[in-house]
Amino acid sequence: MYKEIIFGCIAIITCNLTVLAADVDQSRPNIVFMLSDDMGWNEPSFNGGKKELTPQMDRLCSSGVKFTQFYVHSVCAPTRAAFLTGRYAFRTWSDWRSEDFGKPSYLAKLGMKLVKNKAGDWTRRIHGLDTNERTIAEALKEVGYFTAIIGKWHAGEWLPEHLPMGQGFMHQYGHYAWGIDYNHYTIPHNSPAIFAVYDWHRNQEPLFEQGYATDLFANEAVRLIAEHKKNNTENGDVKPFFIYVPFNAVHGPIDDIPRYTEQYTKRESALKCLDDAVGRIVGAIDQYGYGDDTLVIFANDNGGIRENMNAPYRGTKNTTYEGGVRVPCIMRWPNKIQPNTVNNQLMHIIDFYSTFLTLAGASLEQARDLDGINMTDVIFGNKQSMRDEVIYDVSGCVRLPTLRKGDYKLMGDELYNIVKDPREKNNIAATHPEIVKTLKARLTKLGAERPPLGDMDLLMTPAQPWVYGQQENETAPGWLKEIVRSVRKTQPPSWAPGKTPWPQAPKGGKIIYTGDGR
């Protein structure tokens, strides 16, 4: 069954259209990158899911190329940081999410414990993407792009310098932290505090709005594209745009879905709403005449929360089995990418950094070394990928140190030939000790490259804010406080010893998600 699904977009590449990298390098296209959240490998129909759930994704796939070996990190924040910097997440300690520094089971992995702030409240240490990193938004802004983020940030939610507009984005809309109630925009918990916090903003100001988050993200993207067209027409403003749309769908909490629930499960309904949003954004690009000048990408941040969502691959989100790190990815650029094609070359999300900058004519020279590789030859010229290594995690992480080199993947003490055994059924470590030794030595070397964590002495105060964003919380309006109070009244005032409203840290490279994965 799944042999056909893996290569199911249409046919393996036999392209008549071959674009030399020189034809696209420095051509300064618009770039729209949509990223779903926690979608499983086989949930979109172009990878074997129900056709009626994702017709817009299918249409995008059939008009472009599908990648079968596109990799990410195994959980939300590391993938986002890797994309933003072109560097593996461990290099910025982004393999630790900001909320992990308020979770005892995660802190224990670092030999740390919860702390109290000066008010005497248990709180979390402040963590976000290092502001000394050069981000993809900063690099594109340097060469004249309009840069916007619409959706889930998850690279720091408190200090202004950690927020999107402190990291190169000229426009911000959406939420900062790991996940929200799609209809009321409160994040269910703020570890170690267990009560809701408001998390909905435009240009880093709290926003009072009504609607379903997935739909609102599409609305904002369509509005920005239309506004760009208007400025282009009236003022001759031809500045290209980079619009990054990291949806929170289909991440939990999946509660009230505005449509489709009479026909489908909640998750299926949320997926179909996400598909609607993808269609609206692509439709706006075409409607306003930007289709031929825009690279459109749709991908996912990590594997789904159930193994059956990632079949035929093994594993889930927050594990480094293929089901946690191999994700759907499709791209479209008319007359540059052959429609109805499949690309089997190896690529990691860090490669978008070098690729986008090359397309934009931005410099790759910078203070901190890049892990990403320019993939214009691979995407547009059908060349073989120069990538033969993917680093998923190294020592110092809550997950097992994991590395793929060529055909082989070492995950802790387990070794797999990913080319022959992509479902990771046969651990061949015992019969290939030299390969294990070589890959472990490589992982040890990489682990030594992890920078010091630092003092981590900045604490979230208050421990239970009204809204994310330190400055926004200081002036939180009355309407916002009223919303938060009403949500907190519905929440459990305490949890039994050993129980928390968030999943515990992985053990032995494995994790079990209950409910909708929140």
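In this predicted model, Ala148 stands opposite His171 of strand 7, and the two strands concerned, strand 6 (residues 146-152) and strand 7, pair in the parallel sense over five bridges. Strand 7 also pairs with strand 10, and the surroundings of strand 7, the nonpolar cores and the largest pocket are taken up in turn below.

**Strand 7 and its partners**
- Strand 7 is joined by two bridges to strand 10 (residues 201-202), and these two strands run antiparallel.
- Within that antiparallel pair, Tyr173 has Arg202 in strand 10 as its bridge partner.
- Because five of the five residues of strand 7 (residues 171-175) are buried, that is, under 20% relative accessible area, the strand is largely enclosed by the rest of the structure.

**Nonpolar cores**
- The largest nonpolar core holds 59 residues, of which Phe70, Phe83, Phe242, Met331 and Phe352 touch the most other members.
- Helix 10 (residues 351-360) gives the most to this core, contributing six residues.
- A second, separate core contains 53 residues, among them Met39, Tyr212, Val282 and Ile330.
- Once its neighbours within four places in sequence are set aside, Met331 is in contact with residues that include Gly64, Val65, Phe67, Leu295, Ile337, Met347, Phe352 and Ile379.

**Largest pocket**
- The largest pocket encloses about 430 Å³ of space, and 19 residues line it, with His127, Gly128, Asp130, His162 and Leu453 lying nearest its centre.
- Sorted by class, the residues lining this pocket are eight nonpolar, six polar and five charged.

Technical notes. Residues are numbered from 1 along each chain as its sequence is written. This is a predicted model: local features need pLDDT of at least 70, side-chain atom pairs count only at pLDDT 80 or more; totals for chains, interfaces and linings use all residues. Side-chain values use heavy atoms; hydrogens and water are left out. On a 1 Å grid over the protein atoms alone, a cavity is a set of points where a 1.4 Å probe fits but cannot get out, and a pocket is an open set with protein on both sides within 12 Å along at least five of seven lines; lining residues have an atom within 4 Å of a point. Grid points are joined across faces, edges and corners, and a volume is the space filled by probe spheres set on the points. Ala, Val, Leu, Ile, Met, Phe, Trp, Tyr, Cys and Pro count as nonpolar, Asp, Glu, Lys and Arg as charged, and the others, Gly among them, as polar. Buried means under 20% relative accessible area, exposed over 50%, partly exposed in between (1.4 Å probe, protein chains only). Helices (H or I, at least four residues) and strands (E, at least two) are DSSP runs, numbered from the N terminus. Two strands pair if DSSP finds at least two bridges between them. A nonpolar core is a set of buried Ala, Val, Leu, Ile, Met, Phe, Trp, Tyr and Cys residues joined through side-chain atoms within 4.5 Å. Contact means heavy atoms within 4.5 Å.
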